[in-house]
Amino acid sequence: MSDTTARREETSDRAPGLGDLGEELRRAIRAVGAHAGALYLREPGDSTLVMSVLSGVARDIVRSWFRVALTTGLPVAEAARERHLVWLPSGEELAQRFPRAAITVPYDFATVAYPLARDKEVLGGFFTIGRSDRPGLSSAERQALAEHARAMVDILERARSMGQPINPTPSPYMLRPPPQSADPGEALATLVGRLPEGLCSLDVNGRVTLVTDAAAELLGRSGEDLVGHRPWTALPWLDNPVYEDRYRAAVLSHRSTEFVALCPPDRWLSFRLHPGETGVSVLISPTEVEWEGEEPHTRQAPTRASVLYHILHLASALTEAASVNDVIDLVADEIVPAVGASALALFTHVPERRRLRLIGQRGFDPAFVAGIDGESADASAPAARAATTGVPGFFRSLRELEMVYPSPDVYVQKDMEGWAFLPLVASGRPIGACMLGFTRPHNFTVQERAVLNSLGGLIAQALERARLYDLKLDLARGLQAGMLPRWLPRVDGLSSAARYLPGSEGMDIGGDFYDLIPLGPGRVAAVIGDVQGHNVSAAALMGQLRTAVLAYATARDGRPGEVLTQTNRLLCMMESELFASCVLLRLDTVSGQVRMARAGHPEPLLSGPDGGRVLESPDGLLLGIDPDAEYPETEFELPTGATLALYTDGLVEAPGTDLDEAKAEMAERLATLHRLPVDRAADELTSDVDAVPHRRDDIALLLLRAMP
């Protein structure tokens, strides 16, 4: 009978709880030779992971990770989201793969994160922290992690089946370290007493559990004043974020650290911190050399270093936001869980109208926030006050809020208790307000208010950057759209459709272009091209190239090869640093004969009822490289009912794919659409790439179908 089965039978008479999960977490930590870890449970009906069990480190050190969205860039979130093990052997690896996590805890340690899932349901996850100088995970350790994860899932399932599901708690359950002997023995006490250095012991929460007489004398306080307290609270001169940083480094990296501090009025003391599974041993001695830092901690109030790291974590999240919608999504998905809130609404103040305007919300009743949207900035209401005066409002409960704002005109949501109204201040002026709602009464400590006020400033600056970004993006996209055809001309015997998709990542605009040019009865020219680069210069050159092709193509003998030759010379004369690819063809709609030339551009696709193929044809140099370049022509027939596709490389290129295979697959797909109208076929061909969330390249597509 396995240990896991035995443990299950031992607890079969009672519903398991957090303590049982904690013991399984402790075993997982030991299985991989780690010294600390945490277990997360998924919030019911939500995509938030809540730290529910913690072992080996103080709560304050990992406070920024108490609540994380599944989409967050943290190891445990990725493990749960992707349902795979995440192994980070060092702090350097953590910084490379999860830079936001490294900002919060910039220390050298190894991390393992593992998912907790059953079938298609994500239940949570856990992570461990160990020394970075250990070898990689062995197959036995990986198997042990899988077994402990299954045991944790079994505990959760058993509790649920007994009608007592294990739900996340507001603050993580802290595992107690293994019991220690209260009496170290007289021999050991005598040995320690002979040492000139002072010794003290800190538990995992940073409290002094043992202090020698020599240490008390060096610190200038009695042992009774120190035991049970954290050194930085009992000794104000140790209350320094630099010292706290050294303490954190020791606890997380499990390596000895050192710092020097001045004990008033003029005594320099060296503190050497040696971490272990149950706490930290501190060696204190007089010195004349300066070194570095240590740690504080309180359950209710985060320490100064914790506050600094917390703000860094939130600020780093906001740096990823480009548009206003990005800001709203990041605040809702990552910052709201981090501060323990359940709902968020962002309002901007429109000065000329003296009104609040809702720009986004998550978690509130839509009818509730709709009542505030459009509210007068002069109203006696908490959101309006924060948005216009720059003064925040914090209310522990709904009752407190209604006492301060008793007017029946003030909108409230009855299922929210704690409230925070943060002014959004940018460039020294209030531009709006952030409203946070908490489902339980919430005590806002002084330090938490400082964090939230700082957060309001960060959100305001992110919104200002995002609004400027959106404005520039609209202008850039408008410029580019103005250079493309507004519509395609109607040509007898030809059905046509075009699509242009701008890149979905970044503000840069592209240089893709297309055109359909009537040349007279029964004759038409079609062109598609791609200018190198994604900026205003590329868009401007695209406009010039399109104009040049239009002029040369409508000349008396505008053969495709000659048009590209003349366009290439013009581009070389302009001494542009950019190149361009292009396909130009002339089509006789009566005979179906096509004459085509290419300049470094992907081959067109031809399809009909019998299938699709890539049109292999001679190719020429990119435009703008060699003024003497020539562009050979090729001829083929476009039968009635056949469809010809001209496109730019963004339609078929993707990381890790073979370009030739991608073009062949696109030709086959085009053939399956031959019964659809060309407009619908164009939509189908671009549907997959249009759904890609981060598409760097723009895409142009021009479909031509010969009609009876």
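1. Before we look around, one definition helps: two elements are in contact when they have heavy atoms within 4.5 Å of each other. Please also keep in mind that this is a predicted model. With that settled, look at helix 19, residues 560–573, which lies across strand 21 (580–588), strand 22 (593–599) and strand 25. The helix runs at about 25° to strand 22.

2. Now for the sheet that those strands belong to. Five strands form an open sheet in the order 19-20-21-22-25, with antiparallel pairing. Strand 19 (512–520) and strand 25 (633–637) stand at the edges with a single partner strand each, so one side of each has no neighbour in the sheet. From one strand to the next, the twist averages 20°.

3. If you want to see the pairing up close, start at the edge with strand 19. Strands of a sheet pair through backbone hydrogen bonds, and they can do so in a parallel or an antiparallel way. Here strand 19 and strand 20 (residues 523–531) run antiparallel and are joined by 8 bridges. Try finding one of these in the viewer: leucine 516 has alanine 526 in strand 20 as its bridge partner.

4. There is another open sheet to visit, built from 5 strands in the order 9-8-12-11-10, again with antiparallel pairing. Its edge strands are strand 9 (208–211) and strand 10 (257–263), each of which pairs on one side only. The twist in this sheet averages 25° from one strand to the next.

5. Which helix packs on this sheet? Helix 11, residues 241–253, does so, touching strand 8, strand 10, strand 11 (267–276) and strand 12 (279–286). The direction of helix 11 makes about 155° with that of strand 10. At the strand 9 edge, 3 bridges join strand 9 to strand 8 (residues 198–202), and the two run antiparallel. One pair to look for is cysteine 200 with its bridge partner valine 211 in strand 9.

6. Two spots in the backbone deserve a pause. Proline 264 and proline 265 are joined by a cis peptide bond, with omega at about 5°. Proline 265 sits in the loop between strand 10 and strand 11. The other spot is aspartate 119, whose phi is near 55°, a positive value in a residue other than glycine. You will find aspartate 119 in the loop between strand 5 (110–118) and strand 6 (121–130).

7. Next, the empty space. Rolling a probe the size of a water molecule over the atoms shows where such space is left. The largest pocket has a volume of about 1,300 Å³. Its lining counts 48 residues, and Arg67, Pro170, Val339, Gly340 and His442 lie nearest its centre.

8. Where does that lining come from? The elements giving two or more residues are strand 2 (48–55), strand 3 (67–69), helix 13 (324–338), strand 13 (343–350) and helix 17 (446–483). Helix 13 gives the largest share, 5 residues. By class, the lining of the largest pocket has 22 nonpolar, 15 polar and 11 charged residues.

9. Finally, return to arginine 67, one of the residues nearest the centre of the largest pocket. The side chain of arginine 67 meets that of glutamate 43 in a salt bridge, at 3.0 Å from N to O. This pair links distant parts of the chain, 24 residues apart: arginine 67 is in strand 3, while glutamate 43 is in the loop between strand 1 (36–42) and strand 2. The count for the model comes to 25 salt bridges.

Technical notes:
Residues numbered from 1 in each chain as written. Predicted model: local features only at pLDDT ≥ 70, side-chain atom pairs only at ≥ 80, totals over all residues. Heavy atoms only, no water. Pairing = 2+ DSSP bridges. Helix = DSSP H or I, 4+ residues; strand = E, 2+ residues; numbered from the N terminus. Axes fitted to C-alpha atoms, helices over the stretch in contact; angles between N-to-C directions. 1 Å grid on protein atoms, 1.4 Å probe; cavity = no way out; pocket = protein on both sides within 12 Å on 5 of 7 lines; lining within 4 Å. Points joined across faces, edges and corners; volume = space filled by probe spheres on them. Nonpolar A, V, L, I, M, F, W, Y, C, P; charged D, E, K, R; others polar. Salt bridge = Lys/Arg side-chain N within 4 Å of Asp/Glu carboxyl O.
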